[in-house]
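The following paragraphs lead through one structure, moving from a single loop residue to helix pairs and then to the core. Please keep the sequence and the 3D view at hand while reading.

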Amino acid sequence: MVNRLTNKFRFGVLINMIPIMGLMLIYSTPFLTASVLPITTLLLSFMWLFHTLIITGRINFILNKKTKWWILYYLLGFLMILIGLSSVVFNFQIASFPKYIIPIMGYFIIKYYNVRELKILVFFFSLVFYGNLAWNILIDIQQPDLFETLTNSEESRELSTMLNLATTSHNLLCFFGVGALWMCIENVRGFVKNIILIILLLILVYFMLIVNTRGTTTLLLGVLAIGIYLARNEPNINRRRYYKFWIITLSVLLVCVITPLLMFIVEHIQSERLADRLNDILTLTTSGDINSLPEGSFALRITLSKVSLNTFFSNPINMLIGIGEQSYHIGDDLSKVRIGMHSEFIDVLARNGIIGAFIYFKILKNYISTLHSLSDNRNITKYVDVFFFVFIIYGFLNNVFQPFILLFLFIVYPVLIVLLNTQKNGK
């Protein structure tokens, strides 16, 4: 059994952080993500794996009931290539190894890192993330409406590799950061610390609503705000009745006010891009006909989701095991079996069928159970429930299991819960 108190092991943990920090730096910096060869992140992942085996002296940490589902899904990708379904080659699957090792890193960190080491990781991630965010905001101040003018031209795509401005995925990370920061604000002691946290939260909201305005994140930011409000005012007793009442009330209210609310936002919003996307939703709520949608982003997302669903229901074999990696490209024949690549939880049905969906279900179940196990304080776990609920909604609208998102979901967020719980318990 590993003696966690020995200086040798603690020094080993500090060495263990180096490849993790390398992945955080690369995946959280768009210029590095676009320019660094995949072999770099692959080597960092293998470096971490082999070093972890050395300092623990066993492989149990990679074969527990939670991490095994990630390994199984990774191996399933190889199987799809072997039987000739996936259009990708073995090198592609090998290069995707970091994506599957990151959750295993998270489980290891929670088990073996001490409080000081956890704080170092969070501080480093925050430094890299907010450094990139500050750079994007500075660019936006110098070149107002830059995001609005980005097109599909080669010049715009090159610019996009230098910035986070043109990516929904970076807004996704900001979105999850809002939930995490609010949980910290509610549970961290100290006036100065709370002021710093509020400033960090306002920077995220400013970036999402002003600099890089996206339809999905803007609407779900409202859902997150409602969830946070309900959790903050949660009663000590009759919690189930409390949430049932509000779910029914808000559902009825949403049906009644969604159209006038969207009309009001579209008329007064400053972002033309956001107005176009909300117009898609407005068209759907007023006509109820998907085919009547204009050729906007929301309409495209529905089309891409239909591509994945059509693939899943195309024949019994596809329903069982899927078609592997065969992405749909804009302009392709919609009748062909492909994957839309814009909905994490719908795309998995097309990619790996019922088998893949079952593995994903186990991954999500283990994830939420792990988050709950990290704290026994209701002031923390109630925000975990809100976060997970909105995360699931987001997973039907976007790809959420990307490397830098996984770094946050499986490392930074659980670490924050551990640190907050430690403070609450006075340890």
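Ile 323 is a convenient place to begin: its relative accessibility is 3%, so the residue counts as buried, the limit being under 20%. The model in view is a predicted one. Ile 323 sits in the loop that joins helix 16 (316-321) to helix 17. Its C-alpha atom is separated by 9.2 Å from that of Leu 349, although the two residues are 26 apart along the chain.

Another loop residue is Thr 67, found between helix 3 (38-56) and helix 4. Thr 67 has a relative accessible area of 0% and is therefore buried. Setting aside residues up to four places away in sequence, Thr 67 touches Phe 61, Ile 62, Ile 104 and Tyr 107.

Helix 4 itself, residues 68-82, packs against helix 6, residues 97-112. Their axes are 9 Å apart, and the packing angle is about 170 degrees. An angle over 145 degrees counts as roughly antiparallel, so helix 4 and helix 6 are roughly antiparallel to each other. Helix 4 brings Trp 70, Ile 71, Tyr 73 and Tyr 74 to this contact, while helix 6 brings Phe 97, Lys 99, Tyr 100, Pro 103 and Ile 104. Sorted by class, the contact has eight nonpolar residues, no polar ones and one charged one.

Further along the chain, helix 11 (residues 191-211) holds Asn 194. Asn 194 is buried, because its relative accessible area is 15% and the limit is under 20%. Apart from its neighbours within four places in sequence, Asn 194 is in contact with Ile 185, Val 188 and Arg 189.

Helix 12 covers residues 215-232, 18 residues in total. From first C-alpha to last, helix 12 reaches 26 Å, close to the 26 Å expected at 1.5 Å a residue. Its buried residues include Leu 220, Leu 221, Leu 224, Ile 228 and Leu 230, and also Gly 215 and Gly 227.

A second helix pair is formed by helix 17 (residues 344-373) and helix 18 (residues 378-395), whose axes come within 12 Å and cross at roughly 175 degrees. That crossing angle is why helix 17 is roughly antiparallel to helix 18. On the side of helix 17 the contact is made by Glu 344, Phe 345, Leu 364, Tyr 367, Ile 368, Leu 371 and His 372. On the side of helix 18, the residues include Val 384, Asp 385, Phe 387, Phe 388 and Phe 391. By class, this contact has 10 nonpolar, three polar and two charged residues.

Phe 388 of helix 18 shows part of this contact in detail. With 15% relative accessibility, Phe 388 counts as buried. Leaving out neighbours within four places in sequence, Phe 388 is in contact with Leu 364, Tyr 367 and Ile 368. The C-alpha atoms of Phe 388 and Leu 371 are separated by 9.4 Å, and the two residues are 17 apart along the chain.

The last stop is the largest nonpolar core, which has 101 residues. In soluble globular proteins, nonpolar side chains tend to be buried together. Within this core, the residues with the most contacts are Phe 176, Phe 401, Phe 408, Leu 409 and Tyr 413. Helix 19 (residues 403-424) supplies the largest share of the core, 16 residues. Leu 409, not counting neighbours within four places in sequence, is in contact with Phe 176, Tyr 367, Phe 387, Phe 391, Val 400, Phe 401 and Pro 414. Among these partners, Tyr 367 belongs to the contact of helix 17 with helix 18, as do Phe 387 and Phe 391.

How values were computed:
Residues are numbered from 1 along each chain as its sequence is written. This is a predicted model: local features need pLDDT of at least 70, side-chain atom pairs count only at pLDDT 80 or more; totals for chains, interfaces and linings use all residues. Side-chain values use heavy atoms; hydrogens and water are left out. Helices (H or I, at least four residues) and strands (E, at least two) are DSSP runs, numbered from the N terminus. The expected span of a helix is 1.5 Å times one less than its number of residues. Buried means under 20% relative accessible area, exposed over 50%, partly exposed in between (1.4 Å probe, protein chains only). Axes are lines fitted to C-alpha atoms, for helices over the stretch in contact, and angles run from 0 to 180 degrees between N-to-C directions. Angles under 35 degrees count as roughly parallel, over 145 as roughly antiparallel, 65 to 115 as roughly perpendicular and the rest as oblique. Contact means heavy atoms within 4.5 Å. Ala, Val, Leu, Ile, Met, Phe, Trp, Tyr, Cys and Pro count as nonpolar, Asp, Glu, Lys and Arg as charged, and the others, Gly among them, as polar. A nonpolar core is a set of buried Ala, Val, Leu, Ile, Met, Phe, Trp, Tyr and Cys residues joined through side-chain atoms within 4.5 Å.
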